[in-house]
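Look at the sequence and the model below. Some questions and answers on the fold come after.

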Amino acid sequence: MSYQKDTVHLGDVIKNHSQDMTNKVVAITGTTSGTGYVCAREVAKKGASVILLNRESDRSAKSLKQLQEEVPNGKFEAVACDLQNFDSVRKAVEAIKAKHDVIDVLVNNAGVMALKDYATGDGYDVQMQTNVISHFLLTKELFPLIKKSKQGRIVNHTSMARMGVQLKPEYFGKNGGNLGGDGTDEESQSFQGPRWERYRQTKLANCGFTYGLKEKLEAAGITNVLPLLAHPGLARTNLQVTTAKDGGMEKDSDLMQHAQTAEDGAAGITRAAMDPSSKSGDFYGPSGQGWQGFPEILTPEEHINSADTIRINWEGCEKAVGKFEI
């Protein structure tokens, strides 16, 4: 695993859009590789204490060791958290609360893409639970600690897949295994079909979570917590490797030849985690066609923060894991 090339955009973020993170606690999901790994490394370099939230595995142990080698003075703490299991998420929260009174930044980074149509042990679509509902649960349970921060941040990760789809309630129910099957027409490079529809739903849902949280915080008069959104553009990470192994895309897709590195793909969430000028609802990502480039502040497309998108996401998530108390 190596992320040392093509760091022009990430380097710009670190140089011009980050702050000292000493004495800040940052929790990040999905740090074994890709964007989460890079973000964990960079905030640690800035002095943050970093909580690494991953399933226990050889990969997570190896990545922790590598982070410690890359940032010799870094402060890293591994907490077991399987986003495909609600009980595991709740246990992770309890482990965090046992050691920390405040969380300054929560980066909901982890995700899976275009997997087969099957249910988790909790009964939900594996993509929706991993990418959305478990992050909603994690944020909900850690919110009392985030609210204690002088400037708490909740960073959600979306993607270009948010485009061209409308959020539908059935994807939030206990319908895992009954949401269209395993079909895909990725051979045509259009990345359509049921697998990809389920993925698109999750990436739009993360937008609904962010902007719904923004509305609720404003209504409650809470100004010290910033809900933020980022997308990586098209970046080469282990996400595509996992998808290819599961049959969701070709291993050597022509599209991925145009992707930027995981380093630069991580620039959006890294900026959201550390930019001192961030404001509630800021959305960071490559401008223009959005495939690659510096994470600018973007204007949200109308459908990603619409009343329907927000309502469907919040109703679906709260039905699954309980009310989010602001």
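What follows is a short set of questions on the strands, the helices and the cysteines.

This is a predicted model, in which local features need pLDDT of at least 70 and side-chain atom pairs count only at pLDDT 80 or more, while totals for chains, interfaces and linings use all residues. Residues are numbered from 1 along each chain as its sequence is written, and side-chain values use heavy atoms, with hydrogens and water left out.

Q: Which strands are the edge strands of the open sheet?
A: Strands are DSSP runs of E of at least two residues, numbered from the N terminus, and two of them pair if DSSP finds at least two bridges between them. The open sheet has 8 strands with mixed pairing, in the order β3-β2-β1-β4-β5-β6-β7-β8. An edge strand pairs on one side only, and this holds for β3 (75-80) and β8 (295-297).

Q: In which sense, parallel or antiparallel, do β2 and β3 pair?
A: Strands of a sheet pair through backbone hydrogen bonds, in one of these two senses. Ile 51 stands opposite Glu 77 in β3. Strand β2 (residues 49-54) joins β3 over 6 bridges, and the sense is parallel.

Q: How many disulfides does a search of the whole structure find?
A: A disulfide is a pair of cysteine sulfur atoms within 2.5 Å. For the whole structure, the search gives 0.

Q: Is Cys 317 buried or exposed?
A: Buried means under 20% relative accessible area, exposed over 50%, and partly exposed in between (1.4 Å probe, protein chains only). Cys 317 has 1% relative accessibility, so this residue counts as buried.

Note on methods
Helices (H or I, at least four residues) and strands (E, at least two) are DSSP runs, numbered from the N terminus.
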